[in-house]
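Please open the model in your viewer and keep the selection panel at hand. The tour proceeds by selections, each followed by a description of what is found there.

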Amino acid sequence: MRAGLKALGARADRLRVPPEELVETGLVLLGRWLWRVGPGIIGVALFLGLWQLGNRAYGSFILPSPLETGRAILGVLSSPEGWGLIAGTVARVGLALGFAALIGVGLGLASGYARLLRGILAPVSTILLGMPATAWVILTMIWFGPSHASIVFTIAMVTTPLLYIGTVDAVLTRDRRLEDMAAAFGAGPWRRFSNVALRQILATLAPVTGITLALGFKVAIMAELVANVAGLGGALATARAHMDIDRGLAYVAMTVAALLSVEYGLIRPFQRRVGQWKRGGLI
Amino acid sequence: MSKLVLVTVTHAFDGRTVLRDVSLVTQPGEMVALVGPSGSGKSTLAAIAAGILRPQSGRVMRLYQRHGMVFQQSRLLPWETARGNIAFPLLMDGMNKAEATARAEEAALAVALLPSDLDKMPDQLSGGMQARVAIARALAVKPDFLIFDEPFAALDPALRRRMQDLVIDLSARYGFGGLFITHDLSEAARVADRIAVLDRKGDGIIGALTPEGTPGARREADIFAFVQREMTGNPLLADLVNVDERALDYDCACDTLGPRRCC
């Protein structure tokens, strides 16, 4: 406790700035912040501007303006049903990705270390990776009917091979010399795996998790839309049936927002935690 | 008593024998340099001595409490600071973090690393500093035997000499013996009490040289004269002088750092 406070104090001392330099330091920090977020803000403004131009050119029936879409989003979010749609989609994606991680990463780790298993699973993973997501939607609807299970199964089947291949690649491309180093200092197989190999595997796998999440959301919306069961995809199907373009766009925007929330709330911190060292920064 | 005994060690990769009946005994506190041309199996022998590889046949007797190892290209964990790298083997031993950190800082001091260096990541350190961290990591476990596998091969000559002096100084200060793998006879003559010569095809130790005096007490001129004399007149070193990389088959010429680790 005392050591923690001491460290905190030392850190605060390093951050302390003399009053005469305060304004200058503040300006420098503001400049850095603007340099970091400025390009992103310009990009978003450009996108909204083009969207507005599209609205001017084609009218609100074809392409509602950003403002109209914003109002529709507020309308959806003002009801518990709206939040339920988001929660349903996110939960299905989460459940499916949980299964995919369990099977894909688990089998990937085993295959990375066992050449025979890798050889056996190589054609299977290639075939599964090549299967179009729409084919899975149709198949699972035949197998399970239009249900939650069919959606979860579809997402899991599309994302599992991606995680599997990513994990195998991560295992194979790790720096084995570091494990030799650990062995020379007496580390057993489990310690070498957990303290040296896994750290590298997770760092290589981290970018794949972002891609998998994005794919998971896309497939979820498509499967929900085709199965017309529930979630944002189901609501999108209903909006299409009613030709309600405002709501349709609102659901699309909410899907993107949900994806970004999970991405920035979970995936990016995870990627930073496990992969920052690869980009040459302090963790 | 801190000595290493290798008895008729034989090892093969994918059916290709790289070491055959290699026997070597190091005396307590003695630093033995093992020289041999590329592909002779020096690093394989170091890996066997360190317990990284298990020999196909033969015996390895480690008559010491604990060994440390310094590798070629340092092999620092890229996600750990210098301090974390030095403490790594201690944490692997199950030591608590505070104690491991204190011991790491003590080892860092022994190799003249500054406290400010310890917060740096490996890619923020120069080759020489990385070598110091690697030596500190090996010292942190308080070894009574140290294995060096061409640790300074990637450094420039001036830096290499500074690192050699550091090894000589630490060896004298802590009294550890060791095995120093190198293909550079000058380096061997500077740091070692005795120089064992490995056959170019790994067919055992073909002989040994003993430069006069002890490491640290030898004058540069004497080391130079010794190297000149032995390189030109000693048939034991013929393969070290006349190594022909074309004569090595591909497997044998492979990178010792690669996954096959065959040399």
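The stops below concern helix packing within one chain and then the contact between two chains. Please note that the model is predicted.

**First stop: α4 and α7 of chain A**

Select residues 80-113 of chain A, which form helix α4, together with residues 148-172 of chain A, which form helix α7. The two helices pack at an angle of about 30°, and their axes lie 6 Å apart. Angles under 35 degrees count as roughly parallel, and α4(A) and α7(A) are therefore described as roughly parallel to each other. The crossing of α4(A) past α7(A) is right-handed. By class, this contact comprises 21 nonpolar, 8 polar and 1 charged residues.

**Second stop: α4 and α9 of chain A**

Keep α4(A) selected and add residues 189-227 of chain A, helix α9. Here the packing angle is about 140°, with the axes 9 Å apart. That angle makes α4(A) oblique to α9(A). Again, α4(A) passes its partner α9(A) in a right-handed crossing. To display the contact, show the side of α4(A) that includes Val90(A), Val93(A), Leu97(A) and Leu109(A). On α9(A), the contacting residues include Phe193(A), Ile201(A), Leu205(A), Phe217(A) and Ile221(A). The residues of this contact divide into 14 nonpolar, 3 polar and 2 charged.

**Third stop: α4 and α5 of chain A**

Replace α9(A) with residues 115-130 of chain A, helix α5. The axes of α4(A) and α5(A) come within 5 Å and cross at roughly 125°. This makes α4(A) oblique to α5(A), and the crossing is left-handed. From α4(A), the contact is made by Leu107(A), Ala110(A), Ser111(A), Gly112(A) and Tyr113(A). From α5(A), Arg115(A), Leu117(A), Arg118(A) and Leu121(A) take part. Classified by type, these residues are 5 nonpolar, 2 polar and 2 charged. Tyr113(A) may be left highlighted, as it belongs to the contact of α4(A) with α5(A) and also to that of α4(A) with α9(A).

**Fourth stop: chain B against chain A**

Now display both chains. The contact between them takes 29 residues from chain B and 19 residues from chain A. About 2100 Å² is buried between chain B and chain A, and carbon and sulfur atoms give 69% of this area. Which three residues supply more than any other three of the area that chain B buries against chain A? Select Arg75(B), Trp79(B) and Met92(B), which together supply 36% of that area. How many salt bridges does the rule find across the interface of chain B and chain A? The number found is 0.

Definitions and conventions. Residues numbered from 1 in each chain as written. Chains lettered and ligands numbered in written order. Predicted model: local features only at pLDDT ≥ 70, side-chain atom pairs only at ≥ 80, totals over all residues. Heavy atoms only, no water. Axes fitted to C-alpha atoms, helices over the stretch in contact; angles between N-to-C directions. Helix = DSSP H or I, 4+ residues; strand = E, 2+ residues; numbered from the N terminus. Parallel < 35°, antiparallel > 145°, perpendicular 65-115°, else oblique. Left-handed = near helix turned anticlockwise from the far one by under 90°. Nonpolar A, V, L, I, M, F, W, Y, C, P; charged D, E, K, R; others polar. Contact = heavy atoms within 4.5 Å. Buried area = accessible area lost by both parts, 1.4 Å probe. Salt bridge = Lys/Arg side-chain N within 4 Å of Asp/Glu carboxyl O.
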